[in-house]
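User: I'm new to this one. Could you take a close look at a single part, the strands that pair up with one another, and walk me through it?

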Amino acid sequence: MKQAKTTEIKTVQAKLPTKWGNFTLHALEKTSDNKEHVALSMGDLSLSEPLLVRVHSECLTGDAFASLRCDCGPQLDAALEKIARQGRGMVVYLRQEGRGIGLVNKIRAYALQDQGQDTVEANINLGFKADQRNFDVAAELLTALGISQIRLMTNNPIKMEALKAAKIDVVERVPMKFGKNPHNEHYLSTKHGKMGHLL
């Protein structure tokens, strides 16, 4: 099945050399949630083969500060390394810090976790759902770039179902078992036991 044709949604792009190789950085001029999400791609996006894709939600503490409280940073690094190794793929980077509750509330949730709550309990006790994220905008970005079939790098079945519901054909799940350490064992156990992540 061929990739979908690029829609009328306008994108901006520029080259981005990285330690993994040369990527192209893409963004939509306008998104449904008015946030500035981006995609980082490598290789020819017009080929008919399903594209290796990671849909990654922003995690300042893990992605930028190498926090050991989560597995986000290692997951992002591993995804970019896999893409570089294959020479073709994309990371869709969503501005949904703290599973959608924002950075300040994420720090509040961390403080509750320091007192013994797990990540789900902390979010709920702050008045949020366990996961506030919406993956429709990831589908918007993929569709705007002409991508309709993907091999999704994820452990999260909810993310897979959300993309399928948004008309993205997820033909394969690529497991991402990276980043486990003594500081996040309980966090990962909670993601598996309470959120259904395939760990």
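Analyst: Here is a walk along the paired strands, with a short look at a neighbouring helix in the sequence.

First, some ground rules: this is a predicted model, where local features need pLDDT of at least 70 and side-chain atom pairs count only at pLDDT 80 or more, while totals for chains, interfaces and linings use all residues. Residues are numbered from 1 along each chain as its sequence is written, and side-chain values use heavy atoms, leaving out hydrogens and water.

The protein chain has 8 helices and 7 strands; these are DSSP runs numbered from the N terminus, with helices being H or I of at least four residues and strands E of at least two. Of its 199 residues, 47% are buried. Buried here means under 20% relative accessible area, exposed means over 50%, and partly exposed is in between, using a 1.4 Å probe and protein chains only.

Let's start with β1 (residues 11–18) and β2 (residues 21–28), which run antiparallel and are joined by 8 bridges. Two strands count as paired if DSSP finds at least two bridges between them. β1 and β2 make a hairpin, with 2 residues between them. One bridge to look for links Lys15 to Thr24 in β2.

From β2 you can step across to β3 (residues 38–42), again antiparallel, through 4 bridges. Here Ala27 sits opposite Val38 in β3. Val38 also stands opposite Tyr93 in β5, and β3 and β5 pair in the antiparallel sense over 5 bridges.

β5 (residues 89–94) is worth a pause. How many of its residues are buried? It's mostly covered, with 6 of its 6 residues buried. In a regular strand, side chains alternate between the two faces of the sheet. In β5, Gly89, Val91 and Tyr93 point one way, Met90, Val92 and Leu94 point the other way, and all are buried.

Besides β3, β5 pairs with β4 (residues 51–57). This time the strands run parallel, joined by 5 bridges. Tyr93 turns up again, as the bridge partner of His56.

Now for helix α2 (residues 72–86). Its 15 residues should span 21 Å at 1.5 Å a residue, and its end C-alpha atoms are 21 Å apart, which agrees; the expected span is 1.5 Å times one less than the number of residues. Buried residues of α2 include Leu76, Ala79, Leu80 and Ile83. After α2 comes Gly87, with a positive phi near 80 degrees.
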